[in-house]
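Trainee: Could we take a close look at one aromatic residue and the part of the model around it? I'd like to follow it outwards from there.

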Amino acid sequence: AAAAVMTGAAGSTAPTQAQLEALGITGITTGNLATVLAAIAATDDNGTGVDTLAELQAVVTAAAAAAAALDTIKAAAEANTATSGNLAASVFTAAGVTGVDSTNLAAIQSALDSAAVNGAAADTKPEVQAIVDAYNAIKANADGTANNNATNPTQAQYAAIGVTGVNSAEKESLLGDVIDAKPFSAVDSVPEVQALADAAAAVMTGATGGTAPTQSQLEALGITGVTPANLAAVQAAIAANGSGAAGVDTLSELQTVVTNAAAAAALTAIKDAAQANNASDANVAASVFATAGVTGVDSNNIAAIQSALNSGAVNGAAADTKPEVQAIVDAYNAIKANADNATATNPTDAQYAAIGVTGVDSAVKTSLLGDVIDGKAFADVDTVPEVQALANAASAVMTGAAGGTAPTQAQLEAL
């Protein structure tokens with residue numbers, strides 16, 4: 001029996017359970033015998049690690065404890081009771097598995113409780129170690145700072161913790177980017193990671209002509225700028241990105257596609273409102289202009305901008321590009337600045353025309369109207385009809401000065 005121990009330590013024929021027990025070794029069962037023999041074989045080949053009874057018993061005791069711990073882990077995975085049973089970090093340590101502590105124990109328990117990780121997937125030390133290493137790769141990636149971790153978890157690592165459906169390089173890439181931007185608390189359970197994996201898969205399906213991702217899925221991935229109003233446009237843009245799944249397999253690529261689609265949809269909303277003369281907070285709130293990439297619109301001037309879009313001279317064709325809409329906004333802001341600030345430069349005839357005011361077609365009219373607006377509060381000129389009335393009065397003065405029809409008393413008083 002002693003010779004068999006030495007032979008086993010050298011990696012050859014191992015001792016039997018009966019031989020070990022004959023030597024006085026305790027704690028061996030048919031269930032842990034293979035682990036015990038592997039532990040003996042892992043000692044020095046020259047036998048110095050098991051050449052005393054105490055050394056041999058220590059090796060067997062540790063191996064038996066590891067086997068028992070591994071059985072506990074396997075049973076928890078099979079019954080999905082790792083969390084409810086509070087499978088301790090010390091059990092993993094006893095099984096010889098490293099990398100489990102208080103910061104990731106709940107996540108590892110969640111992996112063992114996932115449907116895809118059963119007892120057969122967690123009944124050897126290498127399998128359990130792979131589960132732990134996989135979740136630790138996710139933990140390392142999930143530091144809350146986007147695009148600062150060069151190594152994303154692999155498809156195999158997601159599968160190891162029980163996440164399904166991460167079966168392509170594109171899904172792996174997008175999901176890794178998404179997790180990289182999350183804190184670990186947002187991905188420390190398999191259901192959380194699975195939801196993100198499903199969302200990433202939906203993006204890829206949508207990009208290849210299948211069912212598109214929902215607004216909630218895009219937002220879960222960290223994508224901004226999606227609204228119920230532009231969702232269809234966003235989904236269409238994902239489908240038509242030109243490169244299929246490869247065109248949206250990073251978070252930055254996907255955000256760019258969404259941002260551009262949302263901007264186009266916002267511009268369409270502005271154009272449609274101008275064409276229908278129905279601009280209001282219901283269809284073109286200040287946020288719509290921001291999404292379209294147009295600056296300078298806020299709660300102080302949104303009603304004025306909407307009034308410009310509703311003017312007869314500003315139709316859809318006059319507000320169907322970002323530069324056109326920006327010019328309308330800039331023009332009304334020039335009028336606002338003039339009305340609020342006595343030292344501001346007078347608006348130009350082109351700016352009056354941009355907001356839909358007609359008839360300001362000479363330097364003298366521009367000069368007089370600018371002086372008039374300069375003396376007004378913005379509340380007096382925050383609609384196109386108000387500005388148009390003043391423009392008409394200024395024109396009447398010029399007509400009268402040229403010997404034509406004179407301005408009325410009301411027009412002069414309005415000025």
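Is Tyr135 buried or exposed, and at what relative accessibility?

Mentor: Happy to. Tyr135 counts as buried because its relative accessibility is 1% (buried is under 20% relative accessible area, exposed over 50%, partly exposed in between, with a 1.4 Å probe and protein chains only). Please keep in mind that the model is predicted, so local features need pLDDT of at least 70 and side-chain atom pairs pLDDT 80 or more, while totals for chains, interfaces and linings use all residues. Residues are numbered from 1 along each chain as its sequence is written, and side-chain values use heavy atoms, leaving out hydrogens and water.

Now to the ring itself. There are two aromatic pairs in the structure (Phe, Tyr or Trp rings, six-membered for Trp, with centres within 6.5 Å; planes under 30 degrees apart are stacked, over 60 edge-to-face, the rest tilted). In one of them, the ring centres of Tyr135 and Phe184 lie 6.2 Å apart and the planes meet at 85 degrees, so this pair is edge-to-face. It joins distant parts of the chain, since 49 residues separate Tyr135, in helix H7, from Phe184, in the loop between H9 and H10 (helices are DSSP H or I runs of at least four residues, strands E runs of at least two, numbered from the N terminus). Phe184 is buried too, with a relative accessible area of 14%.

The other pair is made by Tyr332 and Phe378, again edge-to-face, with 6.2 Å from centre to centre and 85 degrees between the planes. This pair also links distant parts of the chain: Tyr332 belongs to helix H16 (residues 322-340), while Phe378 sits 46 residues away in the loop between helix H18 (363-374) and helix H19 (384-401). Both Tyr332 and Phe378 are buried.

Back to Tyr135, and out into the packing around it. The largest nonpolar core has 59 residues, and Tyr135 is among those that touch the most other members, along with Phe92, Leu112 and Leu254 (a core is a set of buried Ala, Val, Leu, Ile, Met, Phe, Trp, Tyr and Cys joined through side-chain atoms within 4.5 Å). Helices that each give at least two residues to this core include H4 (53-79), H5 (89-94), H6 (105-112), H7 (125-141), H9 (169-180), H12 (231-239) and H13 (251-276). H10 (190-207) is on that list as well, and the largest share of the core, nine residues, comes from H10.

Leu254 is a good place to see the packing in detail. Setting aside residues up to four places away in sequence, Leu254 touches Leu174, Val203, Leu218, Leu221, Ile223, Ile238 and Val248 (contact means heavy atoms within 4.5 Å). A separate, second core has 40 residues, among them Ala266, Ala292, Val325 and Val387.

One more stop is Val163, in the loop between helix H8 (155-160) and H9. Val163 is buried, at a relative accessible area of 4%. Beyond its neighbours within four places in sequence, Val163 is in contact with Tyr158, Val190, Val193, Gln194 and Ala197. For a sense of scale, the C-alpha atoms of Val163 and Asn278 are 49 Å apart, with their positions 115 residues apart along the chain.

To return to your residue: Tyr135 is buried, it pairs edge-to-face with Phe184, and it is one of the members of the largest nonpolar core that touch the most others.
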